[in-house]
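Here are a few exercises to work through with the model open beside you. Try each one yourself before reading its solution.

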Amino acid sequence: MAATASAAPAESELDRSGAEEEPRATEPEEDAGSGQTGPTAGAQQHRLVKLPLSRIKTLMKADPDVSLASQESVFIIAKATELFVEMIAKDALVYAQQGKRKTLQRKDLDNAIEAIDEFAFLEGTLD
Amino acid sequence: MAERPEDLNLPNAVITRIIKEALPEGVNVSKEARRAISQAASVFVLYATSCANSFAMKAKRKTLNAGDVMSAMEEMEFERFLQPLREALEAYKKGQKGKKEASEQKRKDKEKKGTDENDKSRDEEEDEHMDDEQDGENEAEEEDVEN
């Protein structure tokens with residue numbers, strides 16, 4: 001895959017010099033648990049993202065229209081996916097709490113998907 | 001490399017961890033909910049990729065870049081992600097630059113070491129190279145034998 005530097009205007013106009021790494025450190029065991037080779041996956045992530053970039057890349061390449069993706073784009077999609085997981089978990093929790101439960105259940109997910117516009121793309125996609 | 005079905009899923013351990021860190025302590029997540037979130041995450045990747053790719057294709061580029069992904073987030077109504085993503089990208093780019101500089105520095109140090117030290121060590125280095133070449137030749141012979 002080509003690793004091209006992104007020159008999109010949207011990024012260059014923001015000069016966030018104070019950008020810091022994620023406060024939560026990535027444990028090496030996460031990579032082991034995912035079945036990825038430890039050193040390679042660890043070197044790619046350097047604690048900015050937990051999801052293995054190689055797996056994300058495999059998913060991206062499942063799309064027949066995708067020819068090449070820059071390393072940065074794989075990283076950003078991985079990061080966005082993490083944000084998505086956080087978001088959907090928190091939104092589903094609201095429904096669990098409404099039902100006075102401390103355990104998140106599948107139906108809470110379904111409720112969140114139905115109620116929240118951003119999750120409309122998920123309708124009909126889950127088993 | 002063919003894609004196996006399990007490759008299209010994201011690692012359970014990592015997904016579970018992200019969920020747990022997002023939720024307050026004392027909250028549990030059922031196995032079915034975890035599975036559904038993991039599936040949803042995979043769908044998210046596919047949808048985001050497809051969306052980003054159409055931006056790349058519109059711009060007549062064959063390589064999907066970070067800007068395409070940002071545009072996709074906006075299109076998908078995940079504007080709330082844009083700021084944290086931009087910050088993460090900055091940090092990532094710095095990290096990549098640091099790694100590149102580190103390996104370049106290593107290379108420079110190696111070369112410098114060769115010139116600073118006396119001729120003897122230089123000869124030794126050259127000897128090592130020769131040894132490598134010999135090994136290479138031996139291997140080649142072995143390959144021929146096997147063939």
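**Exercise 1.** How many residues of chain B are in contact with chain A, and how many residues of chain A do they meet?

*Solution.* Bear in mind that this is a predicted model. Begin with the contacts: 70 residues of chain B touch 72 residues of chain A. Next, take the area: about 6,400 Å² is buried between the two chains, and carbon and sulfur atoms give 71% of that. Finally, look at who contributes: B:Arg17, B:Ile18 and B:Tyr92 supply 10% of the area that chain B buries against chain A, more than any other three residues.

**Exercise 2.** Find the salt bridges and polar contacts across the interface of chain B and chain A, then describe the side of chain B that takes part.

*Solution.* Start with the charged pairs: the rule finds three salt bridges across this interface. In one between A:Lys50 and B:Glu21, the closest N and O atoms are 3.5 Å apart. Then count polar contacts, which come to 13 residue pairs, both partners at pLDDT 80 or more. Now turn to the elements of chain B: α1, β1, α2, β2, α3 and α4 each supply at least two residues of the side that touches chain A. The largest share, 19 residues, comes from α2(B). By type, the residues of that side divide into 39 nonpolar, 15 polar and 16 charged.

**Exercise 3.** In which sense, parallel or antiparallel, do β2 of chain A and β1(B) pair?

*Solution.* Locate β2 of chain A at residues 103-104; this strand and β1(B) pair in the parallel sense, over two bridges. To check one bridge, go to A:Leu104, whose partner in β1(B) is B:Val29.

Notes:
Residues are numbered from 1 along each chain as its sequence is written. Chains are lettered from A and ligands numbered from 1 in the order in which they are written. This is a predicted model: local features need pLDDT of at least 70, side-chain atom pairs count only at pLDDT 80 or more; totals for chains, interfaces and linings use all residues. Side-chain values use heavy atoms; hydrogens and water are left out. Contact means heavy atoms within 4.5 Å. Buried area is the accessible area (1.4 Å probe) that two parts lose on being put together, summed over both. A salt bridge is a side-chain nitrogen of Lys or Arg within 4 Å of a carboxyl oxygen of Asp or Glu. Helices (H or I, at least four residues) and strands (E, at least two) are DSSP runs, numbered from the N terminus. Ala, Val, Leu, Ile, Met, Phe, Trp, Tyr, Cys and Pro count as nonpolar, Asp, Glu, Lys and Arg as charged, and the others, Gly among them, as polar. Two strands pair if DSSP finds at least two bridges between them.
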